[in-house]
Amino acid sequence: MKQENNIKTFSRSELCDLVNKIKQWGKELGFQAVGITDTDLSIAEQRFNSWIKHKMHGDMSYMSRHGTKRTRPAELENGTISIISVRMDYFPEDPEHSISLLTQNNKAYIARYSLGRDYHKVVKKRLQKLAKQLEQEIGSFGYRVFTDSAPVLEKPLAEKAGLGWIGKHSNVLQKKTGSWFFLGELYTNLPLPTDEPAVNHCGSCTQCMTVCPTQAIVKPYIVDSRLCISYLTIESKDAIPERLRPLLGNRIYGCDDCQLFCPWNRFSQQTIESDYFARGDLASPELLNLFSWTENEFLKHTEGTAIRRIGHEAWLRNIAVALGNSLSTHPSDSNEIIRALKEKRADSSPLVQEHINWALLQGR
Ligand code: B12
Ligand code: SF4
Ligand code: SF4
């Protein structure tokens, strides 16, 4: 915990007033929803352990490394008894444009969450402000802020805090706004009254499972990362398994299909955060242009975005696969693509060369 534990004793009504203020401040700071929950994640813990046991985290060793700290918040931050869970919307454009991009073989599809400023920075900064505001109100208290930055089980916490339910695609979504939002948390040692958990409204729908290009949602609510395009293009440093490459289409960084076609996302709103608007030409970029970037150009164009984290090698690996897919589906556009692939092959790493060789074979 960041601060000494120095809290006075509050009455129930003082705590209720405090929660109302926290929610109000959260909204003023740009969070679309704020909820409170306790630290009991016992059901999620069993599900999480089963997911790890079945090795569905692939090579994300950070998911299995922390023992029970992820599922028992007080083991991660001593003294934690209440968690403030927040939601920040990020969808930057008209969803129809995103859907239409998926069918344009000369364009690249980049997950919509990553087109603007890296959310880790934006959400964390706002949460720090929320904590400071709370501190001004009640004096020093114990807290720590997170957004995808430590072993925290963000989705089950958000569901318990009433922010939305975990859908069959495993993301948190809400009836009025869909799922296009980030989550963040403020762990505290304050005995705050908790909100009611969200109720599941997936019903008999299985749309996300049907549209998933790689069938990564192996059962309702269970995503096998090893099949998920988000994992293959962002988290994995290795070769993309050959049998999955044709299924990636033009998705070169992350994937949104399970959300793009979810009926509840019909009601989603475009974000009001200009930080999440697409930088430069990232919203509908040409594959060949992105493939031509040198490492320095890659670093320059992706500065401040989450995309930068994958590095230039994985970037080229992913685009080579998309170019191969373009060759196989639209052979008439092949000359320029073949030339670009051959040119890049000469000074690429063995990993990228192997993906380029695969791509060239798709044109035959
Ligand atoms: C690891 C990780 C990934 C991995 C694994 C995905 C996954 N499903 O876990 C990969 C790289 C594939 C990934 C991809 C994406 N991610 Co991610 N990811 C995480 C991370 C770091 C941990 C998630 C985790 O704990 N997974 C462990 C498994 C066990 O959890 P789970 O799949 O959710 O399983 C739970 C439920 O399904 C449920 N469950 C299981 N069985 C059953 C059965 C029943 C009946 C029920 C009701 C429930 C249930 O219990 C499980 C345990 O809680 C979080 C940040 C964080 N620290 O929480 C972000 C996070 C989940 N990711 C996020 C995002 C935005 C994405 C992408 C959309 C990015 C993109 N566009 O490419 C995709 C979505 C892919 C998908 N369909 O899940 C957001 C989601 C926001 C939201 N609205 O929910 C998070 C919360 C980051 C953030 N701070 O905003 N991600
Ligand atoms: S992100 Fe894409 S690959 Fe992953 S589960 Fe969703 S639709 Fe499937
Ligand atoms: S597509 Fe259907 S099943 Fe999947 S999360 Fe949305 S409502 Fe639930």
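A residue counts as near a molecule if its C-beta atom, placed from the backbone, lies within 6 Å of it. That cut-off sets who belongs to the shell around ligand 3 in this predicted model.

**View 1. Ligand 3 sits between two domains.** Domain 1 (12-94 + 112-188) and domain 2 (207-266 + 278-362) each hand residues to the shell around ligand 3, so the ligand lies between them.

**View 2. A look at who surrounds ligand 3.** Going along the chain, you meet G167, K168, H169 and L173, then C202, C205, T206, Q207 and C208, and finally C262, P263 and W264. Sorted by class, the shell has seven nonpolar residues, four polar ones and one charged one.

**View 3. Here's where the two domains touch.** The domain assignment splits the chain into domain 1 (12-94 + 112-188) and domain 2 (207-266 + 278-362). Their contact draws on 26 residues from domain 1 and 29 residues from domain 2. On the domain 1 side, the touching residues come out as nine nonpolar, 10 polar and seven charged. Measuring centre to centre over C-alpha atoms, domain 1 and domain 2 are 29 Å apart.

**View 4. Stepping back to the fold of the chain.** You can pick out 14 helices and 10 strands here. The radius of gyration is 22 Å, close to the 21 Å that the globule rule gives for 364 residues, so the chain is as compact as a globular protein of that length. Along the principal axes, its C-alpha atoms fill a box of roughly 75 × 40 × 40 Å.

**View 5. Inside the chain.** Of the 364 residues, 41% count as buried. Among contacts with a separation of 6 or more, 79% link residues 24 or more positions apart.

Terms used. Residues numbered from 1 in each chain as written. Chains lettered and ligands numbered in written order. Predicted model: local features only at pLDDT ≥ 70, side-chain atom pairs only at ≥ 80, totals over all residues. Helix = DSSP H or I, 4+ residues; strand = E, 2+ residues; numbered from the N terminus. Rg over C-alpha atoms; globule rule 2.2 N^0.38 Å. Buried ≥ 20, exposed ≤ 12 C-beta atoms within 10 Å, placed from the backbone. Contact = placed C-beta atoms within 7 Å. Nonpolar A, V, L, I, M, F, W, Y, C, P; charged D, E, K, R; others polar. Domains from an automatic or database assignment.
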